[in-house]
Amino acid sequence: KVSYVTSFWAKTPGTKIHPHRREIEAALLANIYNPHIDQVVVFLDGVTSGDYNVEEELKSSCVHFYQDMAEINRQFLQRSASSNTHGVDP
């Protein structure tokens, strides 16, 4: 079995998102779909305790990460389903 373990920085509310983030999310998604990788483990970095309860902030970061990955997955699947990748006329 092969596991892919990586870290990824959590989004910080109120800060600008770096454009490179979407590219990294796409790479994570590619690894999730890689049939040679049995599991993908992502450690969210940059989660700190600000004015929020630490446990709630951790949950929020994980939920937002999950939602972001689900959204990019939907976009990928929609593009894949609508594109003709086999060169065969429908």
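Is Trp-9 buried, partly exposed or exposed? In this predicted model, Trp-9 has a relative accessible area of 38% and is therefore partly exposed, since that value lies between the 20% limit for buried and the 50% limit for exposed residues. The neighbouring entry in the sequence, Phe-8, has a relative accessibility of 2% and so counts as buried.

The chain contains 2 helices and 2 strands, arranged along the sequence in the pattern β-α-β-α. Of its 90 residues, 18% count as buried. The area exposed by the chain is about 7100 Å², and 56% of this area is supplied by carbon and sulfur atoms. Among contacts with a sequence separation of 6 or more, 65% are accounted for by residues 24 or more positions apart.

The largest nonpolar core has 6 residues in all: Phe-8, Leu-28, Leu-29, Phe-65, Met-69 and Ile-72. Two or more residues of this core are given by helix 1 (20-33) and by helix 2 (54-82). Helix 2 provides the largest share, 3 residues. Membership of the core requires burial and a link through side-chain atoms within 4.5 Å; the 2% relative accessibility of Phe-8 is under the 20% cut-off, so the burial condition is met for that residue.

Phe-65 belongs to this core. When residues up to four places away in sequence are not counted, Phe-65 touches Phe-8, Leu-28, Val-42 and Leu-44. Of these partners, Phe-8 and Leu-28 are also listed in the core.

Phe-65 is also part of an aromatic cluster, which it forms with Phe-8 and Trp-9. The count of aromatic pairs comes to 2. In one of them, the ring centres of Phe-8 and Trp-9 are 5.0 Å apart and the ring planes stand at 40 degrees, so the pair is classed as tilted. The angle falls between the limits of 30 degrees for stacked and 60 degrees for edge-to-face pairs. The cluster thus includes the buried Phe-8 as well as the partly exposed Trp-9.

A charged residue of helix 2, Asp-68, was examined separately. Asp-68 has a relative accessibility of 16% and therefore counts as buried, the cut-off being 20%. With residues up to four places away in sequence left out, the residues touched by Asp-68 are Lys-11, Arg-22 and Glu-25.

Note on methods. Residues are numbered from 1 along each chain as its sequence is written. This is a predicted model: local features need pLDDT of at least 70, side-chain atom pairs count only at pLDDT 80 or more; totals for chains, interfaces and linings use all residues. Side-chain values use heavy atoms; hydrogens and water are left out. Helices (H or I, at least four residues) and strands (E, at least two) are DSSP runs, numbered from the N terminus. Buried means under 20% relative accessible area, exposed over 50%, partly exposed in between (1.4 Å probe, protein chains only). Contact means heavy atoms within 4.5 Å. Accessible areas come from the Shrake-Rupley method with a 1.4 Å probe; for residues, only the protein chains shown count as cover. Rings of Phe, Tyr and Trp (its six-membered ring) pair if their centres lie within 6.5 Å; planes under 30 degrees apart count as stacked, over 60 as edge-to-face and the rest as tilted.
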